Amino acid sequence: MLPEYAALYLSHRRVRAAPYRRSEVFARWEGLCAYCDAPAEHLDHIKPIARGGRDVLSNVIPACADCNYSKADRTLAQWARTF
C-alpha cells in the first residue's frame with residue numbers, strides 16, 4: 001500500500017469504544033475463564049467478529065490465553081469438534 005493511500009485509509013477508519021467495560025466482564029465471571037475455570041487474562045467473542053459476531057456485552061466472555069488462542073476465530077461448535 002502506498003503511503004498516501006495508507007494515511008487516507010487510516011484517517012477514514014472508525015474506531016469505536018467497546019459498549020462494555022473489561023472490568024465488568026471479568027467481575028461477572030469472577031476473573032475465571034468461561035471455558036476451563038483457569039484465571040482469565042483475555043476477552044473472547046463467543047461468536048467471532050470475523051464470523052459476523054458483534055462487539056456487545058452478551059457476546060464477550062473472559063478466557064485464559066490457552067483457550068482463547070486455541071479457539072481463535074472459530075465458533076464454539078467448530079472449536080468443540082477439536083477435542
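**Figure 1. Confidence along the chain of this predicted model.** Helix H1 (residues 3–12) has the lowest mean pLDDT among the elements of the protein chain, at 57. Strand E2 has the highest, at 98. Where pLDDT is low, the predicted coordinates should not be read in detail. For the protein chain, the mean pLDDT is 89. A value of 70 or more is reached by 83% of its residues.

**Figure 2. The overall fold of the protein chain has four helices and two strands.** Along the sequence, the elements follow the pattern α-α-β-β-α-α. The chain has 83 residues, and 25% of them count as buried. Its accessible surface comes to about 6100 Å². Carbon and sulfur atoms account for 56% of that surface. Among contacts with a separation of 6 or more, 48% link residues 24 or more positions apart.

**Figure 3. Strands E1 and E2 pair in the antiparallel sense.** Strand E1 covers residues 42–45, and four bridges join it to E2. One residue pair to look for is Leu43 and its bridge partner in E2, Pro62. Strand E2 spans residues 60–63 and is covered on both faces. Val60 and Pro62 are buried on one side. Ile61 and Ala63 are buried on the other. In a regular strand the side chains alternate between the two faces of the sheet.

**Figure 4. His42 in strand E1.** The side chain of His42 makes a polar contact with the side chain of Asn68, at 3.5 Å. His42 and Ala63 are 21 residues apart in sequence. Their C-alpha atoms lie 5.2 Å apart in space. Leaving out residues up to four places away in sequence, His42 touches Ile61, Pro62 and Ala63, among others. Its list of contacts also includes Cys64, Ala65, Asn68 and Tyr69. Arg22 and Phe26 are two further residues that His42 touches.

**Figure 5. Asp44 and Lys71 meet in a salt bridge.** How many salt bridges does a search of the whole structure find? It finds one. The side chains involved are those of Asp44 and Lys71, with an N to O distance of 3.3 Å. Asp44 lies in strand E1 and Lys71 in helix H3 (residues 65–71), so the pair ties together parts that are 27 residues apart in sequence. Side chains of opposite charge can pair when their charged atoms come close. Is Asp44 buried or exposed? Asp44 is buried, with a relative accessible area of 3%. Lys71 is buried too, with a relative accessible area of 0%.

**Figure 6. The surroundings of Asp44 in strand E1.** This view sets aside neighbours of Asp44 within four places in sequence. Among the remaining contacts of Asp44 are Asn59, Val60, Ile61 and Ala63. Asp44 is also in contact with Tyr35, Asn68 and Lys71. The side chains of Asp44 and Lys71 are joined by a polar contact of 3.3 Å.

**Figure 7. Lys71 in helix H3 reaches backbone oxygens.** Which backbone oxygen does the side chain of Lys71 reach at 2.9 Å? That oxygen belongs to His45. The side chain of Lys71 also reaches the backbone oxygen of Ile46, at 3.2 Å. Apart from neighbours within four places in sequence, Lys71 is in contact with Asp44, His45, Ile46 and Pro48, among others. Tyr35, Leu76 and Trp79 are also in contact with Lys71. Lys71 is buried, and its relative accessible area is 0%.

**Figure 8. Thr75 in the loop between H3 and helix H4 (76–80).** Thr75 is partly exposed, with a relative accessible area of 24%. Which residues are in contact with Thr75, leaving aside its neighbours within four places in sequence? They are Pro48 and Arg51. Thr75 and Pro48 are 27 residues apart in sequence. In space, their C-alpha to C-alpha distance is 6.6 Å.

Notes:
Residues numbered from 1 in each chain as written. Predicted model: local features only at pLDDT ≥ 70, side-chain atom pairs only at ≥ 80, totals over all residues. Heavy atoms only, no water. Buried < 20%, exposed > 50% of the residue type's maximum accessible area, 1.4 Å probe, protein only. Contact = heavy atoms within 4.5 Å. Areas by Shrake-Rupley, 256 points an atom, 1.4 Å probe, with all protein chains shown as cover. Pairing = 2+ DSSP bridges. Polar contact = N/O pair within 3.5 Å; in protein donor to acceptor, adjacent residues only side chain to side chain. Salt bridge = Lys/Arg side-chain N within 4 Å of Asp/Glu carboxyl O. pLDDT = per-residue confidence, 0-100.
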